[in-house]
Amino acid sequence: MDGWKRVAWSDESRFLIHHVDGRVRVRRLPGEQLLPSSTAGHTQAGGGGFILWGTFSWAVLGPVVVIEQTMEAANYLNIIADHKT
């Protein structure tokens, strides 16, 4: 029964720095269209982001690692090997 206590889980998640889905809705009163407080900047090409990877088991929480490369099988195995707990 206690065999599952020896299992470790890992996962990664991507986070966007700027929310950019191509749609921005703004509600303004008449005369506000040119006020700087009513405008927003524009970010091209997705605005950047990052991936975090982490692992945990019954006994321990592993590190949270910032992934700077594409998450492919070989990179995933290297990350696991480098961060054994």
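**Exercise 1. Find which residue stands opposite Ser-10 in β2, then place Ser-10 in its surroundings.**

Solution.
- Step 1. Ser-10 faces Thr-55 across to β2 in this predicted model.
- Step 2. Ser-10 itself lies in strand β1.
- Step 3. Look at the strands as a pair. β1 and β2 run antiparallel, joined by nine bridges.
- Step 4. List the contacts of Ser-10, leaving out residues up to four places away in sequence. They are Trp-53, Gly-54, Thr-55 and Tyr-76.
- Step 5. Turn to the side chains. Those of Ser-10 and Tyr-76 share a polar contact of 2.3 Å.

**Exercise 2. Decide whether Ser-10 is buried, partly exposed or exposed.**

Solution.
- Step 1. Take the relative accessibility of Ser-10, which is 29%.
- Step 2. Apply the cut-offs: buried is under 20%, exposed is over 50%, and partly exposed lies in between.
- Step 3. Ser-10 is therefore partly exposed, given its 29%.

**Exercise 3. Work out how β2 and β3 are arranged.**

Solution.
- Step 1. Set the limits. β2 covers residues 49-57 and β3 covers residues 61-67.
- Step 2. Find the sense of pairing. The two strands are antiparallel, with five bridges.
- Step 3. Check the connection. Three residues sit between β2 and β3, and the two strands form a hairpin.
- Step 4. Name bridge partners. Phe-56 is partnered by Leu-61 in β3. Trp-53 has Val-65 of β3 opposite.

**Exercise 4. Identify the residues of the nonpolar surface patch and relate them to the strands.**

Solution.
- Step 1. The patch consists of Trp-4, Val-7, Trp-9, Phe-56, Trp-58 and Leu-61.
- Step 2. Together these residues have about 690 Å² of accessible area.
- Step 3. Place Trp-9. This residue belongs to strand β1, residues 8-16.
- Step 4. Classify Trp-9. Its relative accessibility is 40%, so Trp-9 is partly exposed.
- Step 5. Link two members. Phe-56 and Leu-61 are also bridge partners, with Leu-61 in β3.

**Exercise 5. Compare sequence separation with spatial distance for Phe-15 and Phe-50, then for Ser-10 and Gly-62.**

Solution.
- Step 1. Phe-15 and Phe-50 are 35 residues apart along the chain. Their C-alpha atoms are separated by 5.5 Å.
- Step 2. Ser-10 and Gly-62 are 52 residues apart in sequence. C-alpha to C-alpha, the distance is 8.9 Å.
- Step 3. Locate Phe-15. Strand β1 holds this residue.
- Step 4. List the contacts of Phe-15, again without residues up to four places away. Phe-15 touches Gly-49, Phe-50 and Leu-52.
- Step 5. Classify Phe-15. A relative accessible area of 38% is why Phe-15 counts as partly exposed.

**Exercise 6. Describe the whole chain: its elements, their order, its contacts and its surface.**

Solution.
- Step 1. Count the elements. The protein chain has one helix and three strands.
- Step 2. Read their order along the sequence: β-β-β-α.
- Step 3. Take the contacts with a separation of 6 or more. Residues 24 or more positions apart account for 62% of them.
- Step 4. Assess burial. Of the 85 residues, 14% are buried.
- Step 5. Finish with the surface. The chain exposes about 7400 Å². Carbon and sulfur atoms supply 56% of that area.

Key: Residues numbered from 1 in each chain as written. Predicted model: local features only at pLDDT ≥ 70, side-chain atom pairs only at ≥ 80, totals over all residues. Heavy atoms only, no water. Patch = residues over 30% accessible without salt bridge, like charges linked within 9 Å, V, L, I, M, F, W, Y side chains within 5 Å. Areas by Shrake-Rupley, 256 points an atom, 1.4 Å probe, with all protein chains shown as cover. Salt bridge = Lys/Arg side-chain N within 4 Å of Asp/Glu carboxyl O. Helix = DSSP H or I, 4+ residues; strand = E, 2+ residues; numbered from the N terminus. Buried < 20%, exposed > 50% of the residue type's maximum accessible area, 1.4 Å probe, protein only. Contact = heavy atoms within 4.5 Å. Polar contact = N/O pair within 3.5 Å; in protein donor to acceptor, adjacent residues only side chain to side chain. Pairing = 2+ DSSP bridges.
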